[in-house]
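Here's a set of exercises to work through with the model open in your viewer. Try each task before you read its solution.

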Amino acid sequence: MKFDILIAGVGGQGVVLASRLLATAAMDAGLHVTTAETIGMAQREGSVTSHVRIGDEVCGSLIPSGNADLVIGLEPAEAARNIHFLGMNGSIVVNEHAVMPSVNGSVKYDPDQVLEFLKSNCQDIISIDFTQLAKQAGTYRAANVAMLAAAAGANLIPFPPGDMWNVLEKMVPEKYRDVNRRAFDIALERVSGIKNPEQAIDI
Amino acid sequence: MGNEAIAFGAMKAGVQIASGYPGTPSTEVMETIASHANKYGIYAEWATNEKVALETAVGAAYSGANTMVTMKQVGLNVASDPLMSLSYIGVKGSLVILVSDDPGPHSSQTEQDTRAFGHFSNIPVLDPSTPQEAYDMTKLAFKLSHEMEIPVILRTTTRVSHGCADVIIEDIEQASRDIEGFVKDPRWTIFPKLTAQRHPWLEELQIRLSDRFSEYFKQNSFNSISKGNSKTGIVASGVSYLYAKEAIKDSSETFSLFKIGTVHPFPEKAALEFLDNITDLIVIEELDPYLEEQLLQLIGKHHLDVNVHGKKNGHFPISGEYNVDVVIDGVNSSLKTINTDVPFLSHSSPAINKDNVPPLPVRPPTLCAGCMHRTVFYAFKKVAGKLKTEKINTIFSGDIGCYTLGNAKPLNMVDTCLCMGAGISIAAGLSHTHHYQEGKKAKQVAFIGDSTFFHSGVAAVISAVYNNADITLAVLDNRTTAMTGHQPHPGIGLTATGVSTKIIDIADILKSCGVDLVETIDVNDLGECIDIAKRAMDFEGPSAVVFKGKCVGITKGDGQYVVDEDKCTRCRICVSQLGCPAIFSPSNKPPAIQDNCTGCGLCAQVCPSDAIVLKEGLQ
């Protein structure tokens with residue numbers, strides 16, 4: 001099997017942690033995995049991406065365009081910026097919470113317009129304000145974890161929610177575990193209605 | 001992570017002494033060794049710079065120790081002086097130099113290729129394509145170094161160093177305690193006579209290594225040849241090999257594939273064998289056309305009838321990072337000029353056309369919300385603005401670190417940036433031209449971070465004082481090497497392995513270098529920062545201010561600020577002058593402060609209407 005996930009967001013949103021969690025889940029499932037992350041200067045509040053490639057064979061870490069099975073966008077504009085990675089029949093999980101740039105330059109950014117574009121172009125899309133959801137759980141920082149829970153709950157990644165949580169439990173420091181558990185559960189609950197077992201991905 | 005794999009490879013190979021200087025994308029190698037140093041009895045350190053790191057490892061290797069040095073590609077420029085001499089002398093134990101290149105570049109000032117440095121210095125270079133290969137090749141590098149008594153370069157690129165993957169590693173034993181010790185011998189002292197004696201040996205060694213690397217094609221997975229059914233061959237190394245494999249996956253039987261991990265010295269014998277029955281060769285490599293040049297040379301030397309397709313005839317980009325799509329385009333471009341029935345490669349079709357995406361905000365990297373550098377930059381900007389009214393121009397020379405991001409608008413506070421430590425010398429150079437610009441007045445300010453100051457700032461300060469350059473030095477001391485992920489440095493009082501050590505005080509260094517005006521200030525109050533910046537800039541001759549603050553990346557915030565909409569006059573000074581990523585300005589509404597505010601209070605201090613207050617204060 002082969003499964004490519006592109007995670008996009010703004011530096012500081014937890015894109016790297018999300019890709020590490022997915023990579024660990026893949027290894028725990030006995031699969032090969034390779035990631036490419038944005039680390040260093042570009043991280044500082046800039047646009048960042050992580051590529052996660054899961055499969056039977058070792059391959060280069062950068063996903064070719066049109067190859068991603070899933071795009072996880074922690075921010076609407078960042079999902080749209082990387083939308084060329086999405087393959088035919090691919091899905092999107094997008095956080096509706098926009099990070100507005102301080103200096104907007106010449107471009108007027110309308111998050112609703114961007115979300116509408118994504119929704120009208122992709123049928124398999126989960127669009128939720130995961131930041132708000134994470135705030136309910138206790139911290140806006142847990143939006144990344146909530147998004148992984150939603151992806152697992154809706155069968156959009158090749159790991160069931162239980163396996164995804166096991167990885168989180170292993171990798172998240174104990175003092176943040178409860179808040180992440182709450183974010184995870186609220187997100188699972190939110191997608192329970194849209195779960196489509198026919199789309200379940202076989203490993 | 002590939003860098004962790006390299007560290008584990010080094011520990012498996014028995015590394016005893018490790019030194020380095022942080023630099024993206026190499027940093028995590030030393031961090032991983034340092035975090036296991038106590039467990040395995042390894043000595044690990046951050047040196048003040050790459051030259052010092054290499055020389056430290058050289059000393060240890062002269063005594064028979066297994067040693068490793070880590071740095072990024074531009075770090076090797078700093079370490080090039082010892083490197084170039086070292087190839088003549090060699091080592092006794094082992095010495096592996098990890099150098100990470102950054103095609104793109106993502107986080108570097110150059111796109112240089114360390115394979116070329118290997119060629120220049122006559123030092124072998126290994127080029128892994130995956131984290132697993134990086135682990136295995138690290139062990140090979142130690143073995144080669146020990147056996148041949150030479151330094152070996154392990155060269156990675158960002159996608160190998162900063163990619164995570166499943167890697168099989170072995171049990172690691174305690175570092176051995178049986179170093180022979182330094183044995184006095186004329187071989188350790190370089191002299192023109194010794195160099196003249198050793199040079200023929202060094203050149204002959206290149207041939208021996210090239211032959212040995214050719215042998216690897218028979219037994220080793222780092223180098224491999226697979227034969228296809230056309231007369232078109234592909235040569236690739238490093239991560240480009242994986243891109244090539246994926247690009248041709250639907251026609252993999254068509255192309256012969258020459259995969260090379262031991263890139264320097266180039267394995268000529270194996271390449272000649274591969275070229276038998278090949279009429280067209282496509283070379284796929286990031287950065288310099290290093291393999292392409294080696295192959296062109298080989299083909300010329302042996303008068304072979306092979307056309308080479310690569311960067312030099314425009315089929316592949318000369319710069320930037322590669323990926324599968326770039327490789328597909330390059331192969332197709334090559335195939336167009338080849339008289340063959342090999343079919344073109346095809347791209348996957350994206351589900352959504354990128355051209356239809358609505359307008360998106362530009363998001364360049366910027367200083368973090370609450371970064372102390374923003375306050376210092378703003379203070380100097382204020383003073384420079386005042387001087388401007390007196391027709392005095394201020395030039396701001398920046399340096400390498402987070403504070404390079406001060407170049408972004410609206411701060412716009414970096415007029416020059418060249419390399420580590422250059423800001424001070426460039427400011428000095430600019431100041432020496434003042435006498436030649438009649439009727440014009442100018443002030444020179446150099447910004448430098450704490451770690452960069454220790455790296456290569458001190459010699460520049462001494463030179464500026466010695467030659468009485470009229471410059472003001474602003475040291476941005478956030479007590480960490482922030483950009484590379486918060487490593488300690490000599491000003492902090494902690495070593496790489498967390499041991500307490502002497503704190504070397506930057507202000508004391510400046511005073512002892514002869515800077516007459518040296519001030520130190522904690523970055524809290526903007527007004528005080530402006531006053532002190534002005535005093536330093538008014539001073540004739542070299543002056544310095546050490547601005548002390550914290551890095552918000554590793555400290556807790558001081559609460560959060562909020563805009564009191566009743567008081568806000570919508571003057572937008574906080575938005576238009578600071579460029580803080582926590583402040584967002586919706587059109588027709590007062591600015592809003594977002595969750596990432598860390599409570600530095602700079603916006604509250606610049607607000608003329610006192611409309612920005614601590615969240616707890618707004619009832």
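**Exercise 1. Work out the make-up and overall shape of chain A.**

Start by counting elements: chain A has 7 helices and 6 strands. Those are DSSP runs numbered from the N terminus, with helices being H or I of at least four residues and strands being E of at least two. Before going on, note that this is a predicted model, where local features need pLDDT of at least 70, side-chain atom pairs count only at pLDDT 80 or more, and totals for chains, interfaces and linings use all residues. Residues are numbered from 1 along each chain as its sequence is written, while chains are lettered from A and ligands numbered from 1 in the order in which they are written.

Next, put the elements in order: along the sequence, chain A reads β-α-β-β-β-α-β-α-β-α-α-α-α. Its radius of gyration is 16 Å, close to the 17 Å that the globule rule gives for 203 residues, so chain A is as compact as a globular protein of that length. (The radius is taken over C-alpha atoms, and the rule is 2.2 Å times the number of residues to the power 0.38.) Along the principal axes, the C-alpha atoms of chain A fill a box of roughly 50 × 35 × 35 Å.

Last, look inside: 59% of the 203 residues in chain A are buried. Buried means 20 or more other C-beta atoms within 10 Å of a residue's own, exposed means 12 or fewer, and partly exposed is in between, with C-beta atoms placed from the backbone.

**Exercise 2. Find the buried side of helix H6 (residues 161–171) of chain A and what it packs against.**

First list the buried residues of H6(A): Pro161(A), Met164(A), Trp165(A), Val167(A) and Leu168(A). They cover an arc of only 155° around the axis, so they sit on the same side of H6(A). (The arc is that of the directions from the helix axis to the C-beta atoms.) Then turn the helix around: on the other side of H6(A), Gly162(A) and Lys170(A) are exposed. Finally, the partners of the buried residues of H6(A) are helix H1 (15–28), helix H5 (143–153) and helix H7 (174–191) of chain A.

**Exercise 3. Describe the side of chain B that touches chain A.**

Count first: 50 residues of chain B are in contact with 55 residues of chain A, where contact means C-beta atoms, placed from the backbone, within 7 Å. Helix H11 (238–247), helix H14 (324–336) and strand S19 (583–584) of chain B are the elements that give two or more residues to this side. H11(B) gives the most, with 4 residues.

**Exercise 4. Track down the unusual backbone spots in chain B.**

Keep the baseline in mind: most residues other than glycine have a negative phi, and most peptide bonds are trans.

Check omega first. A cis peptide bond joins Thr24(B) and Pro25(B), with omega about 5°, and Pro25(B) is in the loop between strand S1 (17–20) and helix H2 (28–35) of chain B. Another cis bond joins His264(B) and Pro265(B), at an omega of about -5°.

Now phi. Asn277(B) has a positive phi near 75°, and with 11 C-beta neighbours inside 10 Å it counts as exposed. Arg479(B) has a positive phi near 60°, but this residue is buried, with 21 other C-beta atoms within 10 Å.

Notes: Contact = placed C-beta atoms within 7 Å.
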